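Colleague: I am just starting out with protein structures. Please pick a single part of this one and take me through it slowly.

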Amino acid sequence: MTEQELQRHMESVSLQFFQKRFRHQAHFNSRLRTTGGRYLLKSHVIEMNPRYLENFGLEYFIGIMKHELCHYHLHLEGKGYQHRDADFRELLAKVDAPRFCQAIPTAQKMHCYVCLSCQTEFLRKRRFDVKKYRCGRCNGRLAYMEEKIVSS
C-alpha cells in the first residue's frame, strides 16, 4: 500500500464509519515499534505502522485506522479523546474499533543450557560461562547446548 492509498483508505473509513471527512494527512511510520498507529495532536496527522498491515492484513489494519480516527474526530470536536475518557470508549464501541493492538510476533535468539544432573533446560538471552554458574534447582553443573530461535 502506498501513502496515497493509505490516505484514500483513511478518508473512506472516516466517511463510512464516522460520516465525517478526514481533512488532514495520513502517513506510514515504520519507526513505530509497539503501536499500530498514533494521532498527533498539534498537526492532526495520523501515522500508521506498516508492519501491522503486513502481519495482520487489511481488515485488522482498518480497525487500527478506526481507533486513530476516534482520537482525531473527538479531539477536533473538543470531546474526551484519550483512552480513559468515556466519549472515546463510547465511540470505539459504536464503530467497533479495538482499544489496543496485538503485539507483532518477533523471533529472538536464545541460548539453551541444560543441567547435567536434573536435565532442566534454561533459555537465556545472553550467553554466560558455565564454569561460573550452577543449576538453580539441584545445584548441578550446566552445559551449553545450542542457540535457538524463539518466537514471542
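Modeller: Let's start where helix H1 passes helix H3, in a right-handed crossing (the near helix is turned clockwise from the far one by less than a right angle; anticlockwise would be left-handed). This is a predicted model, in which local features need pLDDT of at least 70 and side-chain atom pairs count only at pLDDT 80 or more, while totals for chains, interfaces and linings use all residues. Residues are numbered from 1 along each chain as its sequence is written, and side-chain values use heavy atoms, with hydrogens and water left out. Helices (H or I, at least four residues) and strands (E, at least two) are DSSP runs, numbered from the N terminus.

The axes of H1 and H3 are 10 Å apart, at an angle of about 70 degrees (axes are lines fitted to C-alpha atoms, for helices over the stretch in contact, and angles run from 0 to 180 degrees between N-to-C directions). The two helices are therefore roughly perpendicular, a label for 65 to 115 degrees. Among the residues making this contact (heavy atoms within 4.5 Å) are Met10, Val13 and Phe18 of H1 and Phe61, Met65 and Leu69 of H3.

Now H1 itself, residues 3–18. Its buried residues (under 20% relative accessible area, 1.4 Å probe, protein chains only) are Leu6, Gln7, Met10, Val13, Ser14 and Phe18. They lie on the same side of H1, because they cover an arc of only 130 degrees around the axis, taken from the directions from the axis to the C-beta atoms. Their cover includes strands S1 and S3 and helices H3 and H4. Turned away from that buried side are Gln4, Arg8 and Gln16, which are exposed (over 50%).

Technical notes
Expected span 1.5 Å × (residues − 1). Parallel < 35°, antiparallel > 145°, perpendicular 65-115°, else oblique.
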